[in-house]
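Good morning, colleagues. I would ask you to keep the sequence and the model in view while I speak.

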Amino acid sequence: MKNIVVLISGNGSNLQAIIDACEQKKIGGTLRAVFSNKADAFGLERARQANIPAHALTASQFASREAFDRELMLEIDAYAPDVVVLAGYMRILSPEFVAHYQGRLLNIHPSLLPKYPGLNTHKQVLENGDEVHGTSVHFVTDELDGGPVILQANVPVFSGDNEDEITARVQAQEHDIYPLVISWFVAGRLEMRDNAAWLDNVKLPAQGYAAEE
């Protein structure tokens, strides 16, 4: 069984989807630990309820981002992770951290990358009058939300939608596609090669594997 470590900052709804998928054997791996940069993140309680070790490291304990990430790496590596999963982790990672887990570091982002990297994606969609929005799972590189896309899911945007409605629609898709991608990775089907995502030895296009196919 492959070892999975998840990093969170908040509520942990994607974490819950991963916990559930592991319990249902949809992911052939073990969720070994959950880390948060917020001691009061509800996701830590989700981990405890599932008997998964839950750890909090806060930035105020460290002199620099690099010092924080070095300690985080030490603590993560104690669990010998095969994959490190960012599930709503809201800290910018140092280049040292990204390099250390290169090729085994996954993230989910609430937009159809490369559109709308960074924050406030739902707000931007509404302001720009987009009719289609979505979410992307990608490998992490030094470029913010810029690593190779693995899988995307589209959601419609309706006139009269507010941010809460769009958020709920996007998260419902996230809870489906993130465990799926993790299952591909732990099964040895997915890898990052030549700065591209490869599934079953086939190089995926820039938008990743088409979720609706």
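Helix H1 is mostly covered, with eight of its eleven residues buried; buried here means under 20% relative accessible area, for a 1.4 Å probe and protein chains only. Helices (H or I, at least four residues) and strands (E, at least two) are DSSP runs, numbered from the N terminus. This is a predicted model, in which local features need pLDDT of at least 70 and side-chain atom pairs count only at pLDDT 80 or more, while totals for chains, interfaces and linings use all residues. Residues are numbered from 1 along each chain as its sequence is written, and side-chain values use heavy atoms, with hydrogens and water left out.

The buried residues of H1 include Leu 15, Ile 18, Ile 19 and Cys 22. Among the elements that cover the buried residues of H1 are strands E1 (2-8) and E2 (29-36), together with E5 and H6. After H1 comes Lys 25, whose phi is positive, near 65 degrees.

I turn to strand E5. Are its two faces covered or open? Both are covered: Leu 105, Asn 107 and His 109 are buried on one side, and Leu 106 and Ile 108 on the other.

E5 runs parallel to E4, joined by three bridges; two strands pair if DSSP finds at least two bridges between them. In this pairing, Val 85 stands opposite Leu 106. The chain passes from E4 through H4 to E5 in a right-handed β-α-β crossover, that is, with the strands pointing away from the viewer, the path from the first strand over the helix to the second runs clockwise. With E6, E5 is antiparallel and shares four bridges, and Ile 108 stands opposite Val 137.

Ile 108 also brings us to the largest pocket, as one of the residues nearest its centre, along with Gly 88, Tyr 89, Met 90 and Pro 110. A pocket is an open set of points on a 1 Å grid over the protein atoms alone, where a 1.4 Å probe fits, with protein on both sides within 12 Å along at least five of seven lines; lining residues have an atom within 4 Å of a point. The space in this pocket is about 960 Å³, a volume being the space filled by probe spheres set on the points, which are joined across faces, edges and corners.

Which element gives the largest share of the lining? That is H6, with five residues. H1 and E5 are among the elements that give two or more residues.

Methods:
Buried < 20%, exposed > 50% of the residue type's maximum accessible area, 1.4 Å probe, protein only. Contact = heavy atoms within 4.5 Å.
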